[in-house]
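Here is a friendly walk through one protein model, with an eye on charged side chains and strand pairing. Take a look at the structure first, and then we can go through it together.

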Amino acid sequence: PNFFFFFFFFKRQSRVQKMSEIPVIDVSSIVREGNDPSSAEFIKISKEIDDACRSIGFFYIKNHGVSEEDMKKSLKLAERLFNLPREEKAKASISNSQNHRGWVGLGEENIDDSVKAGVGKGDLKECFDLSLDLGESEKEVVEGVPFFGPNNWPPALGNEWKEEVMDRYHKMVSLGRKLMRGFTPVLGLPANYFDKMYERPLAALRFLRYPPSKSIEGKEDHQLGCGVHTDYGFITILQQDQVGGLQVKNTEGNWIDATPIEGTFLVNLGDMMPIATNGVYKATPHRVLENKADVHRYSIPLFFDPHYNTMVEAFPSFVTKEKPAFKPFVYGEHLASRLNATYSY
């Protein structure tokens with residue numbers, strides 16, 4: 001395995017690749033239970049992922065193991081939430097949570113640090129954030145680890161909705177773990193390298209609704225559905241409906257549409273992957289345009305963030321004399337600094 005990696009790594013280091021489109025990758029051999037990460041079929045898909053990560057930093061995945069029924073159900077769960085009266089959603093406001101969980105109203109989040117938006121003049125979207133739902137006796141809660149604790153549920157939807165949402169959350173976390181394992185052959189890492197940091201992750205599932213922009217009074221010119229940004233963690237796994245609007249900046253510096261493809265998820269790298277690969281992988285800027293359709297746009301990302309105490313350090317195979325290792329840092333502290341820059345509450 002070591003010989004394979006170094007041959008493969010240096011061969012690929014010598015290639016300069018450009019990509020103007022987002023590839024579609026069949027990940028069935030990676031997500032299949034019991035598949036051997038050293039097998040030829042596993043490594044083949046790992047190489048395809050590696051190509052995308054060195055160029056555009058985005059790729060669609062198909063045959064990922066999440067059923068079409070579950071994907072449709074997830075969008076319906078989001079729709080039920082956002083169709084509640086504003087006063088009911090406000091009972092689960094993120095401003096009332098110690099753990100960054102709950103509902104964010106239209107214009108309350110400003111994701112693009114370069115835009116100085118006034119109060120309520122941020123991104124043209126509503127959000128609802130959730131993660132591991134932990135009680136007071138759980139280890140991280142007892143120890144006071146930031147961001148761990150209970151979710152902030154809207155009372156009007158009851159336990160059945162909550163249980164269905166958490167079922168969705170756990171299925172997506174399971175997919176995230178399998179995808180992280182899929183990176184290990186091309187990163188020169190043991191197959192279990194990411195297991196510990198994702199035992200109790202800060203992975204956050206987010207429901208998003210983008211209203212038709214023509215229905216928004218007082219919209220300002222700078223406002224997009226979601227401003228230009230990169231994500232904070234290692235990877236994000238996104239489910240889109242068919243309305244569209246997400247755009248990615250490609251290697252030529254042009255904005256291209258991340259067109260929804262039925263039955264796929266869209267995966268992108270967050271800031272930690274370029275850091276850990278010493279700049280080899282790309283965390284690509286992306287944005288969501290204002291919604292000019294006549295219907296709401298829904299999307300559901302899983303920000304697959306590791307445990308708060310994860311030490312982020314350079315993967316050994318990407319450290320060279322010319323590119324020495326950076327000083328390791330605590331992931332949760334990085335996350336806190338980014339969230340503080342994005343939210344006003």
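## A buried arginine and its surroundings

The side chains of Arg101 and Asn151 are joined by a polar contact of 2.6 Å. Please keep in mind that this is a predicted model. Arg101 also has a backbone partner: a polar atom of its side chain lies 2.7 Å from the backbone oxygen of Phe147. Along the chain, Arg101 sits in the loop between helix H5 (86–90) and strand E3 (102–104).

Which side chain of opposite charge is nearest to Arg101? That is Asp133, 5.2 Å away, and Arg101 has no salt bridge although the residue is buried. A salt bridge needs a side-chain nitrogen within 4 Å of a carboxyl oxygen, so the distance of 5.2 Å to Asp133 does not qualify.

## Salt bridges

Elsewhere, charged partners do meet. Across the whole structure, a search finds 23 salt bridges. Three of these pairs are set out here, with the distance between nitrogen and oxygen.

| Pair | N to O distance |
|---|---|
| Asp70 and Lys171 | 2.8 Å |
| Asp123 and Lys125 | 2.6 Å |
| Lys196 and Glu199 | 3.6 Å |

The surroundings of these pairs are worth a look too. Lys196 counts as exposed at 62% relative accessibility, while Glu199 is partly exposed with a relative accessible area of 48%. Salt bridges with shared partners also build one network out of Glu109, Asp123, Lys125, Asp129 and Arg206. Two members of that network, Asp123 and Lys125, form the tabulated pair with a distance of 2.6 Å. Asp123 is buried, with a relative accessible area of 3%, and Lys125 is buried as well, with 2%.

How many residues apart are Asp70 and Lys171? Their salt bridge, at 2.8 Å from N to O, links distant parts of the chain: Asp70 belongs to helix H4 (residues 68–82) and Lys171 to helix H7 (residues 158–187), 101 residues apart. Asp70 is buried, with a relative accessible area of 15%, whereas Lys171 is partly exposed, with 36%.

## A four-stranded sheet

Now to the backbone. Four strands make an open sheet, arranged in the order E6-E11-E8-E9 with antiparallel pairing. At its edges are strand E6 (226–229) and strand E9 (255–257), each of which pairs on one side only. On average, neighbouring strands of this sheet are turned by 20° against each other, direction ignored.

E6 pairs with strand E11 (residues 286–288) over two bridges, in the antiparallel sense. The bridge partner of His229 in E11 is His286.

Note on methods
Residues are numbered from 1 along each chain as its sequence is written. This is a predicted model: local features need pLDDT of at least 70, side-chain atom pairs count only at pLDDT 80 or more; totals for chains, interfaces and linings use all residues. Side-chain values use heavy atoms; hydrogens and water are left out. Two strands pair if DSSP finds at least two bridges between them. Axes are lines fitted to C-alpha atoms, for helices over the stretch in contact, and angles run from 0 to 180 degrees between N-to-C directions. Buried means under 20% relative accessible area, exposed over 50%, partly exposed in between (1.4 Å probe, protein chains only). Lys and Arg count as positive and Asp and Glu as negative; His and the chain ends are not counted. A polar contact is a pair of N or O atoms within 3.5 Å; within protein, one must be able to donate a hydrogen and the other to accept it, and residues adjacent in sequence count only if both atoms are side-chain atoms.
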